[in-house]
Amino acid sequence: MSDAERLLAEAGAVLHGHFLLSSGLHSPTYVEKFELIQHPHVTVPICGQIADHYGDAEAQTVAGPTTGGAILAFEVARQLGLRCIIAEQSADGGREFRRGFRIEPGERVLVVDDVMTTGGSVRHTVAAVERLGGVVVGAGLLVDRSGGTAEAGTAYWAALTLDAAAYQPQECPQCAQGVPITKRGTSGTAPRRW
Ligand SMILES: [Zn+2]
């Protein structure tokens with residue numbers, strides 16, 4: 001078990017059940033990242049692993065999508081001595097930088113996010129950086145739960161890789177068995193203990 005995997009388990013961040021993920025996929029595994037991210041003493045060392053991995057990438061800025069990604073991006077930026085900018089959801093379902101955040105043409109940007117399932121959030125953040133003329137040097141993640149199959153729009157490195165099954169709703173075995181689904185994440189129910 002990797003350090004990150006042990007930390008997630010100790011934090012009670014890996015839940016088992018039948019979950020609707022924010023990507024729209026269904027899964028028997030949910031990573032409640034805020035069980036971990038709310039504790040700086042475990043989150044800071046994981047951000048240190050990301051900062052170490054990209055220490056030679058010559059990034060000039062770190063960019064993270066809301067909400068968890070922005071927290072991790074800020075700590076990685078702090079450790080690397082860089083600026084942190086935050087990508088928010090845009091009306092078209094992508095990501096954009098608001099609040100006066102700017103990127104100079106050719107500026108080298110490291111993208112940081114928390115949990116990657118399909119890669120959509122990272123991919124949209126990469127696109128937002130590139131729209132402003134930035135150059136993405138890679139993406140650092142807390143958890144890649146795609147088992148390395150996500151399309152992130154850039155090369156990525158994760159502190160922890162989980163090969164957690166995720167299904168289109170019409171292909172979900174638990175739906176076929178009529179198991180009630182739990183919605184988690186940004187629009188989900190209040191945290192609940194299993
Ligand atoms: Zn299902």
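Visitor: What span should the 13 residues of α4 have at 1.5 Å a residue, and how far apart are its end C-alpha atoms?
Guide: Bear in mind that this is a predicted model. Helix α4 covers residues 68–80. At 1.5 Å a residue, its 13 residues should span 18 Å, and that agrees with end C-alpha atoms that are 19 Å apart.

Visitor: How many of the residues of α4 are buried?
Guide: The list includes Gly 68, Ala 70, Leu 72, Val 76 and Leu 80. The helix is largely enclosed by the rest of the structure, because the buried count is 10 of the 13 residues.

Visitor: What follows α4, and what is the sign of its phi?
Guide: Right after the helix comes Gly 81. Its phi is near 70°, so to speak on the plus side: positive.

Visitor: What is the strand order in the open sheet of six strands?
Guide: The pairing here is mixed. β5 (95–97) and β8 (156–161) each have a single partner strand, so they stand at the edges with one side left without a neighbour in the sheet. From one strand to the next, the twist averages 25°. Read across, the order is β5-β4-β3-β6-β7-β8.

Visitor: Which residue in β4 is the bridge partner of Thr 61?
Guide: Strand β3 (residues 61–65) and strand β4 (residues 83–89) run parallel, joined by five bridges. For Thr 61, the partner in β4 is Arg 83.

Visitor: What angle does the direction of α4 make with that of β3?
Guide: Helix α4 packs on the sheet and touches β3, β4, β6 (108–116) and β7 (135–144). Its direction and that of β3 make an angle of about 165°.

Visitor: And α5, at what angle does that helix run to β6?
Guide: Helix α5 takes in residues 120–131. It lies across β3, β4, β5, β6, β7 and β8. Relative to β6, it runs at about 160°.

Visitor: Where do the buried residues of α3 lie around the axis: on the same side or on opposite sides?
Guide: The buried residues are Thr 43, Ile 46, Cys 47, Ile 50 and Ala 51. They cover an arc of only 150° around the axis, so for α3 it's the same side. In general, an α-helix has 3.6 residues a turn, so residues three or four places apart point the same way. For α3, then, the answer is the same side.

Visitor: Which strands stand at the edges of the open sheet of three strands?
Guide: The order is β2-β1-β9, with mixed pairing. β1 and β9 pair in the parallel sense over two bridges, and Phe 19 stands opposite Thr 182 in β9. Two strands have a single partner strand each, so one side of each is left without a neighbour in the sheet: β2 and β9 (182–183).

Visitor: Is Leu 25 buried or partly exposed?
Guide: Leu 25 is found in the loop between β1 (14–20) and β2 (26–31). A residue counts as buried with 20 or more other C-beta atoms within 10 Å. Leu 25 has 17, so it is partly exposed.

Visitor: What separates the C-alpha atoms of Leu 25 and Gln 168?
Guide: Leaving aside neighbours within four places in sequence, Leu 25 is in contact with Thr 117, Ala 166, Tyr 167 and Gln 168. Leu 25 and Gln 168 are 143 residues apart along the chain, yet their C-alpha atoms are separated by 5.1 Å.

Visitor: Over which residues does pLDDT stay under 50?
Guide: The chain has a mean pLDDT of 90, and 93% of its residues reach 70 or more. The stretch under 50 has four contacts beyond four places in sequence, and covers residues 186–194.

Conventions. Residues numbered from 1 in each chain as written. Predicted model: local features only at pLDDT ≥ 70, side-chain atom pairs only at ≥ 80, totals over all residues. Pairing = 2+ DSSP bridges. Helix = DSSP H or I, 4+ residues; strand = E, 2+ residues; numbered from the N terminus. Axes fitted to C-alpha atoms, helices over the stretch in contact; angles between N-to-C directions. Contact = placed C-beta atoms within 7 Å. pLDDT = per-residue confidence, 0-100. Buried ≥ 20, exposed ≤ 12 C-beta atoms within 10 Å, placed from the backbone. Arc of directions from axis to C-beta. Expected span 1.5 Å × (residues − 1).
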